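Trainee: I would like a close look at one part of this model. Please walk me through a sheet and the loops beside it.

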Amino acid sequence: MERRIDASCLDCGAMFSRDEAVTEIENELACPACGASTVRGIPDQHSALTARANTRCGACSSTFPRSEAETATKGVLACPVCGSTSDLEVRDEPD
């Protein structure tokens with residue numbers, strides 16, 4: 001499943017679809033990964049970026065692109081939702 005990537009969080013660096021950042025408060029966005037309100041749009045010339053939700057967290061059942069699970073430690077992935085590092089399932093084959 002491919003989705004449009006047109007927003008990012010200035011606090012944690014996560015990239016996501018703007019639709020995922022919409023809150024109940026009008027004109028207010030929040031990062032779906034960390035909850036910060038420092039969300040910025042990615043200009044239209046870069047909106048062709050897409051990400052395949054090919055990673056699933058066994059702990060919280062969230063799905064997300066592998067790139068959102070990367071950490072500062074080489075070879076260590078962590079769920080961007082719950083932080084689990086041991087229950088991630090990465091699928092490399094296309095849908």
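Mentor: Here is a walk through one sheet and its loops, followed by a second sheet.

First, some ground rules. This is a predicted model, so local features need pLDDT of at least 70, side-chain atom pairs count only at pLDDT 80 or more, and totals for chains, interfaces and linings use all residues. Residues are numbered from 1 along each chain as its sequence is written, and side-chain values use heavy atoms, with hydrogens and water left out.

Start with the strands. A strand here is a DSSP run of E with at least two residues, numbered from the N terminus. Two strands pair if DSSP finds at least two bridges between them. Strands of a sheet pair through backbone hydrogen bonds, either parallel or antiparallel.

Now the sheet itself. Three strands form an open sheet, ordered β7-β6-β8, with antiparallel pairing. β7 and β8 (88-90) are at the edges with a single partner strand each, so one side of each has no neighbour in the sheet. Two bridges pair β6 with β7 in the antiparallel sense. Arg56 has Thr63 in β7 as its bridge partner.

Next, the loop before β6. Asn54 sits between β5 (50-52) and β6. Is Asn54 buried or exposed? Buried means under 20% relative accessible area, exposed over 50%, and partly exposed in between (1.4 Å probe, protein chains only). Asn54 has a relative accessible area of 16%, so Asn54 is buried. Its side chain makes a polar contact of 3.2 Å with the side chain of Thr55. A polar contact is a pair of N or O atoms within 3.5 Å; within protein, one must be able to donate a hydrogen and the other to accept it, and residues adjacent in sequence count only if both atoms are side-chain atoms. Contact, without "polar", means heavy atoms within 4.5 Å. Leaving aside neighbours within four places in sequence, Asn54 is in contact with Phe64, Pro65, Arg66, Glu89, Val90 and Arg91.

Move on to the loop between β6 (55-57) and β7 (63-64), where Ser61 lies. Ser61 is not a glycine, yet its phi is positive, near 70°. Its relative accessibility is 46%, so Ser61 counts as partly exposed.

Finally, the second sheet. Three strands form an open sheet in the order β3-β2-β4, again with antiparallel pairing. β3 and β4 are the edge strands, each pairing on one side only. Ser8 stands opposite Met15 in β3. Asn27 lies in the loop between β3 (15-16) and β4 (39-41). Asn27 has a positive phi of about 60°, although it is not a glycine. At 74% relative accessibility, Asn27 counts as exposed.

Terms used
Helix = DSSP H or I, 4+ residues; strand = E, 2+ residues; numbered from the N terminus.
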